[in-house]
Amino acid sequence: MATATAAATTTAPAAAPVQPPLASASLYVGDLDPNVTEPQLFEVFSVVGPVASIRVCRDAMTRRSLGYAYVNFHNVVDAERA
């Protein structure tokens with residue numbers, strides 16, 4: 001007498017494709033007036049999207065602005081729009 005056995009197989013649901021983390025982007029801003037501050041740049045650029053950080057580059061000795069800054073966005077799309 002032959003016996004048949006059926007093996008029940010269960011499959012796990014397919015995993016969602018792994019999305020790479022959103023890349024951040026750094027935007028160079030040049031030809032700034034020496035009196036421009038980080039809060040002023042934040043006010044201008046935060047309208048475009050969430051700003052991660054802003055750095056006005058300054059002379060190490062005098063702390064005077066060098067006339068340029070970097071605005072860092074949380075994602076590339078916002079930086080491209082800016």
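This section describes the nonpolar core, a buried aspartate and two residues with positive phi in a predicted model. Local features were taken at pLDDT of at least 70 and side-chain atom pairs only at pLDDT 80 or more, whereas totals for chains, interfaces and linings use all residues. Residues are numbered from 1 along each chain as its sequence is written, and side-chain values rest on heavy atoms, without hydrogens and water.

The largest nonpolar core (buried Ala, Val, Leu, Ile, Met, Phe, Trp, Tyr and Cys residues joined through side-chain atoms within 4.5 Å) comprises 13 residues. Leu32, Leu41, Phe45, Val51, Val71 and Phe73 touch the most other members. Two or more residues each are given to this core by β1, α1, β2 and β3; helices (H or I, at least four residues) and strands (E, at least two) are DSSP runs numbered from the N terminus. Contacts of Phe45 (heavy atoms within 4.5 Å), not counting residues up to four places away in sequence, are formed with Leu27, Val29, Val51, Val71, Phe73 and Ala82.

Asp78, located in helix α2 (residues 76-81), is buried, with a relative accessible area of 6%. Burial denotes a relative accessible area under 20%, exposure one over 50%, and partial exposure the range in between (1.4 Å probe, protein chains only). With residues up to four places away in sequence not counted, Asp78 touches Val48, Gly49, Pro50 and Phe73.

Positive phi values occur at two non-glycine positions, Asp31 (near 55°) and Arg63 (about 65°). Asp31 lies in the loop between β1 (25-29) and α1 (38-45) and is exposed, with a relative accessible area of 83%. Arg63 occupies the loop between β2 (51-58) and β3 (65-73) and is likewise exposed, at 52%.
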